[in-house]
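I opened this notebook to record what I looked up, one topic at a time. The structure comes first, and my entries follow.

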Amino acid sequence: MTENMIFWLVLLIVAIVVEVLTMGLTTIWFAGGALVAILATLLHAPIWLQVILFMAVSLLLLFFTRPVAVKYFNKDRVKTNVESMVGRQAVVTGEIDNIQGIGQVTLGRQEWSARSADDTMRIPLGSVVDVVSVSGVKLIVKPDEQMKKLNPDSAKEQVPEPMSVSQMEEMESQRPEQ
């Protein structure tokens, strides 16, 4: 066995061992390149051709088959922690009002601070909402469309426009006495 053959065999074994230990689809491509270099050595190809074949095959495998392999191996990946919250439904346990900076929801028996995805919308207590994203420790939610259809009273409750003190006093003076 030549020194080149031993080098490529060691490289092949190391790449396979690292891949088995990490399962990250990182070094398997270089194992393929080392295998082609071993074949080139058996055919008595010069060292420069072995190195070029190793590099070319490794890079081709890396760029063309890795995306397919990652997609195939990660198709059953279970979302964990915060990323699993997006798309789920929650129940509003404290009115959500972005202007006042208040709002709470319950999701999976856990209380979360919540904000509306639409700053102009108040979401009343008891509403069912969909989680659209997570910002820090707050869930960003929007009213669930199917629940809105079932209960039109819980439809979008607009936040009133801000008023000056003089506008409020004028409105108070126009209100009939009770």
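Which handedness does the crossing of helix 1 and helix 2 have? I looked it up in this model, which is predicted, and the crossing is left-handed.

**Entry 1: the helix pair**

I noted that helix 1 covers residues 3-22 and helix 2 covers residues 28-42. Their axes come within 8 Å and cross at roughly 160°. Angles over 145 degrees count as roughly antiparallel, and helix 1 and helix 2 are therefore placed in that class.

I then listed the residues that meet across this pair. From helix 1 they include Trp 8, Leu 12, Ala 15 and Glu 19. From helix 2 they include Phe 30, Ala 34, Ile 38 and Leu 42.

**Entry 2: the loop between these helices**

Is Thr 27 buried or exposed? I found Thr 27 in the loop between helix 1 and helix 2. Its relative accessibility is 18%, and buried means under 20%, so Thr 27 counts as buried.

I also checked what surrounds Thr 27. A polar atom of its side chain lies 2.7 Å from the backbone oxygen of Ala 15. Leaving out residues up to four places away in sequence, Thr 27 touches Ala 15, Val 18 and Glu 19. Ala 15 and Glu 19 are also among the helix 1 residues that meet helix 2.

**Entry 3: strand 5 and its partners**

I turned to strand 5, residues 128-135, and asked how it pairs. Strand 1, residues 89-97, runs antiparallel to strand 5, and three bridges join them. Within this pairing, Gln 89 has Asp 130 in strand 5 as its bridge partner.

Strand 5 also pairs with strand 6, residues 138-143, in the antiparallel sense over six bridges. Here Ser 133 is matched with Ile 140 in strand 6. Two residues lie between the strands of this hairpin, in which Gly 136 takes a positive phi near 65°.

**Entry 4: Val 131**

I picked Val 131 as a residue of strand 5. Its relative accessibility is 3%, and Val 131 therefore counts as buried. How far apart are the C-alpha atoms of Val 131 and Gln 89? They are separated by 6.2 Å, although the two residues are 42 residues apart along the chain. Not counting residues up to four places away in sequence, Val 131 touches several residues, among them Met 85, Val 86, Leu 107, Leu 139 and Ile 140.

**Entry 5: Ser 116**

I located Ser 116 in strand 3, residues 110-116. Ser 116 has 5% relative accessibility and so counts as buried. Its side chain reaches the backbone oxygen of Asp 118 at 2.9 Å. Setting aside neighbours within four places in sequence, I found Ser 116 in contact with Ile 96, Asn 98, Met 121, Ile 123, Ile 140 and Val 141. Ile 140 and Val 141 are also touched by Val 131.

**Entry 6: positive phi outside glycine**

Finally, I looked up two residues other than glycine with a positive phi. His 44 has phi near 60° and lies in the loop between helix 2 and helix 3. At 72% relative accessibility, His 44 counts as exposed.

Arg 109 has phi near 65° and is found in the loop between strand 2 and strand 3. Its relative accessible area is 86%, so I recorded Arg 109 as exposed.

Methods
Residues are numbered from 1 along each chain as its sequence is written. This is a predicted model: local features need pLDDT of at least 70, side-chain atom pairs count only at pLDDT 80 or more; totals for chains, interfaces and linings use all residues. Side-chain values use heavy atoms; hydrogens and water are left out. Two strands pair if DSSP finds at least two bridges between them. Helices (H or I, at least four residues) and strands (E, at least two) are DSSP runs, numbered from the N terminus. Buried means under 20% relative accessible area, exposed over 50%, partly exposed in between (1.4 Å probe, protein chains only). A polar contact is a pair of N or O atoms within 3.5 Å; within protein, one must be able to donate a hydrogen and the other to accept it, and residues adjacent in sequence count only if both atoms are side-chain atoms. Contact means heavy atoms within 4.5 Å. Axes are lines fitted to C-alpha atoms, for helices over the stretch in contact, and angles run from 0 to 180 degrees between N-to-C directions. Angles under 35 degrees count as roughly parallel, over 145 as roughly antiparallel, 65 to 115 as roughly perpendicular and the rest as oblique. A crossing is left-handed if the near helix is turned anticlockwise from the far one by less than a right angle, and right-handed if clockwise.
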